[in-house]
Each structure stands twice: as C-alpha cells, then as structure tokens.
Amino acid sequence: MPGLFFSHNNMTELNGKEDCKLAEGKIHKKKQKAFGADLKNYLRCMVPHLESGIKSSNTRNVMLSAEEVVQWSQSLEKLLASQSGQGVFREFLKSEFSEENIEFWLACEDYKKTKADHLHGKAERIYEEFVQSDAIKQINIDHQMREATAKKAQDPTHSSFDEAQRTVYILMERDSYPRFLKSKAYLNLLNQLQTNNSK
C-alpha cells in the first residue's frame, strides 16, 4: 500500500537523522581528542627531551614553566609575547576554526620589521591571504576597513595593516582569549606543570 510505503520512508528518514546526530557527537568528540593530540605533539616539540641529543643552532630549546603559563592568563599581550604561548593559543584557535586571526596578527608583526624594499611584496601577500573579500584565510573586519586596508596595501608603509591588526587583536582579546583560559587544554597544561613543580 502506498500509505505504508510512505510511512516506512519517514521512519528511515527519522533513523537517518538520529544517526546523523550520533555521528555529529562522535565527530565533535574526535575533534576534541584531535585537538588534545595536536597540542600534546606541539608541546612535545617545544619541551626538549633529555634523551634526544638533537640540537640545532637556529632552534633554541624552550622549557615551559608553570610561572610562564600563569602569566598567559594576565593578558593576551603576555600570551602573545611568549613563543610557546603563541603556539598553544594557535592550536586552540585551530580547534575553533579561527586560526586566521593569530596568523594575520603574526604576519602583521613580521611585516612591521620588514625592510622598506620588501614592503610591497609582503603587503600584497598579506592582503591576498587575509584581507581581500575572497581571501582563503579572510579575517573578520567590516567592509569599510577592508576597503581602507586595500588602499593602504597598494602604497604600503610599515603601518598599512595597523588598524586591521588592532581590530583582530581586540576580537581575539574579547572573544577567543577568555574561552582559551577556560579551556581544558590550558587548564590541563597549567595543572600538569604545577604538579611537576611540586614533585
């Protein structure tokens, strides 16, 4: 009967939706686990192991201390002033799909140190990667700022991206940074370092 066939389809559809919800839940858990694993791997690289005798002249070993990690909670500025802090925060932003913010901020910091004859090329790259309306890693700035930044990037100076960088910084400070401080990744890292110190 057509009626029975129709209701059977609805049942299949319902089961499909429940399966999707279950799958979404599993994916979310996997993302959290993947973030944890990524962070562990990152920290393993940052914290030198005594047994590995590999040393490179241009990579300095960074030992994380509980004091440094506590300082990250004082301000976003202190977090970003730390090489390790940048890395851990970037991994957190990746888990929230907003790593373009820190990548743009770091690109701007690098841009400010650029020699005058290289400004044009770097400004073009930063504009194409982060600012233009179809950029791969488009940052969240309004249309007016996008236009103003585009004009400044065409005739670049060391301050061409300052306004956009400030906006992205404030966005991270008000939005992502408070969540980072409450995240399991940050709290577990701090707890682990404090436990190691007390041994």
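## Helix H7 and the aromatic core

Leaving aside residues up to four places away in sequence, Thr-149 touches Val-131, Ser-160, Phe-161 and Ala-164. This is a predicted model, and Thr-149 is a handy place to start exploring it. The residue sits in helix H7 and counts as buried, because its relative accessible area is 3%, below the 20% limit for that label.

Let's widen the view to the whole chain. The protein chain has 9 helices and 0 strands, so there is no strand to look for along the pattern α-α-α-α-α-α-α-α-α. Of its 199 residues, 33% are buried. Among contacts with a separation of 6 or more, 60% join residues 24 or more positions apart.

Back to H7, which covers residues 143-154. How does the span of its 12 residues fit with 1.5 Å a residue? The expected value is 16 Å, and the end C-alpha atoms lie 17 Å apart, which agrees. Which residues of H7 are buried? They are Met-145, Arg-146, Thr-149, Ala-150 and Ala-153. These residues cover an arc of only 140 degrees around the axis, so they fall on the same side of H7. On the face turned away from that buried side, you will find the exposed residues Gln-144, Lys-151 and Gln-154. The buried residues of H7 pack against two helices, H6 (119-131) and H8 (162-182). At the N-terminal end, Asp-142 acts as the cap of H7, with a side-chain oxygen 3.2 Å from the backbone nitrogen of Gln-144.

Now for the core. In soluble globular proteins, nonpolar side chains tend to be buried together. Here the largest nonpolar core has 38 residues, and those with the most contacts inside it are Trp-72, Phe-89, Phe-104, Phe-161, Met-172 and Phe-180. At least two residues of this core come from each of H2 (66-71), H3 (76-81), H4 (83-95), H5 (100-112), H6, H7, H8 and H9 (184-198). H8 supplies the largest share, 7 residues.

Phe-180 deserves a closer look. Not counting residues up to four places away in sequence, Phe-180 touches Trp-72, Leu-79, Val-88, Phe-89, Phe-92 and Tyr-186. Ring pairs link Trp-72, Phe-89, Phe-92, Phe-180 and Tyr-186 into a cluster. The count of aromatic pairs comes to 9, and two that involve Phe-180 are set out here.

| Ring pair | Distance between centres | Angle between planes | Type |
|---|---|---|---|
| Phe-89 and Phe-180 | 5.2 Å | 75 degrees | edge-to-face |
| Phe-180 and Tyr-186 | 5.3 Å | 50 degrees | tilted |

Why is the pair of Phe-89 and Phe-180 edge-to-face? Their planes stand at 75 degrees, and planes over 60 degrees apart count as edge-to-face. This pair also links distant parts of the chain, with Phe-89 in helix H4 and Phe-180 in helix H8, 91 residues apart. Are these two rings' residues buried or exposed? Phe-89 counts as buried because its relative accessibility is 0%, and Phe-180 is likewise buried, with a relative accessible area of 0%. The rings of Phe-180 and Tyr-186 have their planes at 50 degrees, so that pair is tilted. Both Phe-180 and Tyr-186 are buried.

Technical notes. Residues numbered from 1 in each chain as written. Predicted model: local features only at pLDDT ≥ 70, side-chain atom pairs only at ≥ 80, totals over all residues. Heavy atoms only, no water. Helix = DSSP H or I, 4+ residues; strand = E, 2+ residues; numbered from the N terminus. Expected span 1.5 Å × (residues − 1). Buried < 20%, exposed > 50% of the residue type's maximum accessible area, 1.4 Å probe, protein only. Arc of directions from axis to C-beta. Contact = heavy atoms within 4.5 Å. Polar contact = N/O pair within 3.5 Å; in protein donor to acceptor, adjacent residues only side chain to side chain. Core = buried A, V, L, I, M, F, W, Y, C linked by side-chain atoms within 4.5 Å. Phe/Tyr/Trp six-rings, centres within 6.5 Å; stacked < 30°, edge-to-face > 60°.
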